[in-house]
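The exercises below concern a predicted model. Work through each task with the structure open, then compare with the solution.

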Amino acid sequence: MMKQIMFMVVAATVMMLFAVTTSPANGRDKLDEKVKQDTLAGVKGSCGMCKARIEKTAKGVKGVRAASWEQKSGRLFLTLDPGATKTIIAKELAKVGHDAGDEKAPKAAYDALPACCKYKR
Ligand SMILES: [Cu+2]
């Protein structure tokens with residue numbers, strides 16, 4: 001009996017996944033057209049902790065769907081809803097100590113970063 005239920009659950013899940021991934025254009029796709037990709041350049045940091053902080057801060061901004069920071073290039077790759085802008089994100093990053101684009105972190109915020117996060121300014 002238990003095995004039969006398990007099989008039913010698995011089968012139902014597989015069928016649902018199949019339906020979702022193969023369904024043609026629908027209302028959701030229309031919404032996704034408004035989602036835009038953007039890149040915020042000049043985001044400074046020096047380690048994995050910075051990456052975590054930068055991405056967490058960016059994702060904390062309303063309308064930010066995804067954020068991925070590349071340390072080597074200092075670029076923050078963003079997926080944004082309409083209304084969310086990289087300017088707002090840059091301001092938030094500066095507040096937590098990271099220079100971002102034209103926004104410079106206040107000295108107090110920079111000084112508050114852990115030693116490993118002290119990037120060159
Ligand atoms: Cu760091």
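**Exercise 1: the sheet**

Task: Which residue of S3 does Glu70 stand opposite, and how are the strands ordered and paired?

Solution.
1. Glu70 stands opposite Arg75 in S3.
2. S2 and S3 are paired in the antiparallel sense, over 6 bridges.
3. The open sheet has 3 strands in the order S1-S3-S2, with antiparallel pairing.
4. S1 (36–40) and S2 are the edge strands, each pairing on one side only.
5. From one strand to the next, the twist averages 20°.

**Exercise 2: helices against the sheet**

Task: Find which strands H3 lies across, and which strands H4 touches.

Solution.
1. H3 lies across S2 and S3, and runs at about 160° to S2.
2. H4 packs on the sheet and touches S1, S2 and S3.
3. The direction of H4 makes about 40° with that of S1.

**Exercise 3: the two faces of H3**

Task: List the buried residues of H3 and explain why they lie on the same side of the helix.

Solution.
1. H3 has 12 residues and reaches 16 Å from its first C-alpha to its last, close to the 16 Å expected at 1.5 Å a residue.
2. Its buried residues are Cys50, Arg53, Ile54, Thr57 and Ala58.
3. These residues are on the same side of H3 because they cover an arc of only 125° around the axis.
4. The face turned away from the buried side carries the exposed residues Gly48, Ala52 and Lys56.
5. The cover over the buried residues of H3 includes S2, S3 and H4.

**Exercise 4: the largest nonpolar core**

Task: Identify the residues that touch the most other members of the largest nonpolar core, and the element that gives the largest share.

Solution.
1. The core has 18 residues, of which Ala58, Leu76, Leu78 and Leu93 touch the most other members.
2. Two or more residues come from each of helix H3 (48–59), strand S2 (64–70), strand S3 (75–80) and helix H4 (86–95).
3. H4 gives the largest share, 4 residues.
4. Beyond its neighbours within four places in sequence, Leu93 is in contact with Val43, Ile54, Thr57, Ala58, His98, Ala100 and Glu103.

**Exercise 5: a loop residue**

Task: Locate Val61 and decide why it counts as partly exposed.

Solution.
1. Val61 is in the loop between H3 and S2.
2. A residue is buried if 20 or more other C-beta atoms lie within 10 Å of its own, and exposed if 12 or fewer do.
3. Val61 has 19 C-beta neighbours inside 10 Å and therefore counts as partly exposed.
4. Not counting residues up to four places away in sequence, Val61 touches Ala84, Ile88, Ile89 and Glu92.
5. Val61 and Glu92 are 31 residues apart in sequence, yet 7.9 Å apart in space, C-alpha to C-alpha.

Terms used
Residues are numbered from 1 along each chain as its sequence is written. This is a predicted model: local features need pLDDT of at least 70, side-chain atom pairs count only at pLDDT 80 or more; totals for chains, interfaces and linings use all residues. A nonpolar core is a set of buried Ala, Val, Leu, Ile, Met, Phe, Trp, Tyr and Cys residues joined through C-beta atoms within 7 Å. Two residues are in contact if their C-beta atoms, placed from the backbone, lie within 7 Å. The expected span of a helix is 1.5 Å times one less than its number of residues. The arc is that of the directions from the helix axis to the C-beta atoms. Two strands pair if DSSP finds at least two bridges between them. Axes are lines fitted to C-alpha atoms, for helices over the stretch in contact, and angles run from 0 to 180 degrees between N-to-C directions.
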